[in-house]
Amino acid sequence: MLLQIRDGSVSAGSKLVLSHFDFEIRGNEKLAVTGRNGAGKSTLLRLLAGELSLDRDDKRDGPGLKLSRQITVGMLGQQVFEDGERTVEEELLRGCPAGDGFDQERLEYERRYNVMFTGFGFCLEDKKRRLKEFSGGEQTRIGLIGLLLKKPDLLLLDEPTNHLDMEMTEWLEKYLQEYENAVVMVSHDRFFLDRTAKTVWELEGGKAVRYPGNYSEFRQEKRKRMAIGQKAWEQQQKEIARLKEVIRRFQHKPTKASFVRAKKKQIERMEQVKPPSREDPGIFVGKISPKTAGGRLVFEAEHLKLGYDRAILELSLRIRRGQKIGILGSNGVGKSTFLKTAAGILPALGGKMSLGHNVSVGYFDQNSAEIDSEKSVLEHFTDHFPVLTQKEARGILGSYLFRGKEAAKKVCNLSGGEKARLVLAELLQAGHNFLILDEPTNHMDIPAKETLEAAFQAYEGTILFVSHDRYFIRQVAESILIFENGKAYYHPFGYEHYLERVKRLRQEGGKALAPGALKGKEELSCRISAEDQALIESLRSVPKGERRRLRENLEEEIYEDWQMKPVRERMVKAGEDYEQKAMQALELLRQWKESEEFWKESGDENKEYLSSRADRGEEQKESPGSQSMEVYERAAAKAEAAWEEWHESCLKWYEGFMPFL
């Protein structure tokens, strides 16, 4: 046990935040602390960091907080540097354990420092810049680097992913997974918690409750405990009601006076079961159906050019009824531009685009939530849907966490996240069959996000959306569209499957490459051109039962099996051949990048690195030959030819299969 708190209380100013709570850190475990705003998460971190002390309590047995040994603690909060005039290098080297520039320990420290510095999105040249030249978010990232380099026994992180993009966040996740000491973290990034935390402590009502597992396992276990608690509370209420009825029947009979007193005592001595919290997100048990199903083909684009003054992306795409597609890509690649174009808000710069038969579009972006009204939430909602009764409207709003007094709030007094939730509730209630959503959960707390996740999962229409919330993407998206380098790629399965596939590719063929270095055709074995995505999604988007109903008779089914089997076999074989050749090309690329030839040709900075390795007596790997780059290019050409073969076989399969859809 590294740290243990028993029967502790802690106050912030005059306010009691945590009361008689228990908490512990076992060994080097990775803990997440969660709870609603104001529950005491940051207060607990400050207590663990030594900035606060437990309240004095004469009734407590023992000191309240125990440590197994003397430990070092590092905390990332709102990082503020003492001297903004110092350079990044000067600041980070202050924590170096060795002062001699030629000391092996210092060289290793600088190596780790360079890896982290570039891993968090900086260039090595930025080391010479002064701290005051960086934004607040960049300073926080630099502070996190310094903290990770010190490797404290207990690492405390308060919202560490706030200023990190997806790639940087993934880098931090991997680092924390391998971190040798204990970590306690507070974060609204549930996907981050899922991939790093092994235990979750929830703060609620001034207490701390331990749940084993990551965030998703915590949510599942909490719902289970809430169901058990609800049942226990209902049973106790039934028993209390039964005893009160017995007392009522016999309280005026003198011969039953002792009997009545005994029943009253029985009620008084009962250990009261508290009703479970009703703050849990709304769960949509049934389905949310659009007013009309619409055509099977919802959206079609052919060589559609997107942009404002110039085209930044061109894509061809087919979206079928019922698909839920999440869009990934860095800032500025055209994600929001595509959504606006698909919704008809922004004109295309070229190509063709069309909506399917009876398709009704519901569009949402951050501007959609800029509503300002003196009306209450209930009045605003019923104005949009006058056919609903007050009871029906309240029931629907309650599903989206506008319960009781929340429904009586004025719309103008709602937060940005609450306004967005209200607009999304209206979109779902309106019955559109094609929702186009741009960052629908921005500025929302976790209960609100989980409510909308449940709603979108229950929704039977088509969804095309952009989100930076990876947990939300995982929960809602059934397939992924990736925008990169002016092109669109399609992955026909969910977000987690996509991440695992990319991770496997990096492990198998890109070990020498930095995160994000696998681009273009090098990753085509895990994603295909959006222009060809119908080759896979057409099978997935139409249920098997519907495909059978669409066939006219058994002869067609027999013909399909006889006609399509060789085409299908050729397509699978071509895909395997392409993947094998692509892996071979990647391995040759890795070997070349590890060779002395590559480093000699890569500029002064790499020459300095090569020289420093030689000074330390580290031998460079032998080059596979002076023609190593040419060897890789020949292998890449073979992989390209294999891809063309696979592409052609996919097209033939698709052409042959279309008559049966």
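How many bridges join strand β3 to strand β8, and in which sense do the two strands run? In this predicted model, strand β3, comprising residues 30-34, is joined to strand β8, comprising residues 199-204, by 4 bridges, and the two strands run parallel. Within this pairing, Val33 is placed opposite Trp201 of β8. β3 also pairs with β7, again in the parallel sense, over 3 bridges, and here Lys30 stands opposite Val183 of β7. Strands of a sheet pair in general through backbone hydrogen bonds, in either a parallel or an antiparallel arrangement.

These pairings belong to an open sheet of 6 strands, arranged in the order β5-β6-β7-β3-β8-β9, in which the pairing is mixed. Strands β5 (73-76) and β9 (207-212) stand at the edges of the sheet and each has a single partner strand, so that one side of each is left without a neighbour in the sheet. From one strand to the next, the twist averages 20°.

The surroundings of β3 were examined in terms of accessibility. Of the 5 residues of β3, 5 are buried, and the strand is therefore largely enclosed by the rest of the structure. In a regular strand, side chains alternate between the two faces of the sheet. In β3, Lys30, Ala32 and Thr34 point one way, whereas Leu31 and Val33 point the other way, and all of these residues are buried.

Two helices that contact the sheet may be described next. Helix α1, formed by residues 41-49, lies across β3, β5, β6 (154-158), β7 (182-186) and β8, and runs at about 155° to β6. Helix α7, formed by residues 215-250, packs on the sheet and touches β3, β8 and β9, its direction making about 115° with that of β9. Strand β3 is thus among the strands contacted by α1 and is likewise touched by α7.

A further packing arrangement involves helix α10 (residues 377-384) and helix α11 (residues 390-399), which pack at an angle of about 110° with their axes 10 Å apart. Because angles of 65 to 115 degrees count as roughly perpendicular, α10 and α11 are described as roughly perpendicular to each other. The crossing of these two helices, α10 and α11, is right-handed. On the α10 side, the contact is made by Val377, Leu378, Phe381 and Thr382, which meet Gln390, Ala393, Arg394, Ile396 and Leu397 of α11. When classed by residue type, the contact of α10 with α11 has 6 nonpolar, 2 polar and 1 charged residues.

Terms used
Residues are numbered from 1 along each chain as its sequence is written. This is a predicted model: local features need pLDDT of at least 70, side-chain atom pairs count only at pLDDT 80 or more; totals for chains, interfaces and linings use all residues. Side-chain values use heavy atoms; hydrogens and water are left out. Two strands pair if DSSP finds at least two bridges between them. Axes are lines fitted to C-alpha atoms, for helices over the stretch in contact, and angles run from 0 to 180 degrees between N-to-C directions. Contact means heavy atoms within 4.5 Å. Buried means under 20% relative accessible area, exposed over 50%, partly exposed in between (1.4 Å probe, protein chains only). Angles under 35 degrees count as roughly parallel, over 145 as roughly antiparallel, 65 to 115 as roughly perpendicular and the rest as oblique. A crossing is left-handed if the near helix is turned anticlockwise from the far one by less than a right angle, and right-handed if clockwise. Ala, Val, Leu, Ile, Met, Phe, Trp, Tyr, Cys and Pro count as nonpolar, Asp, Glu, Lys and Arg as charged, and the others, Gly among them, as polar.
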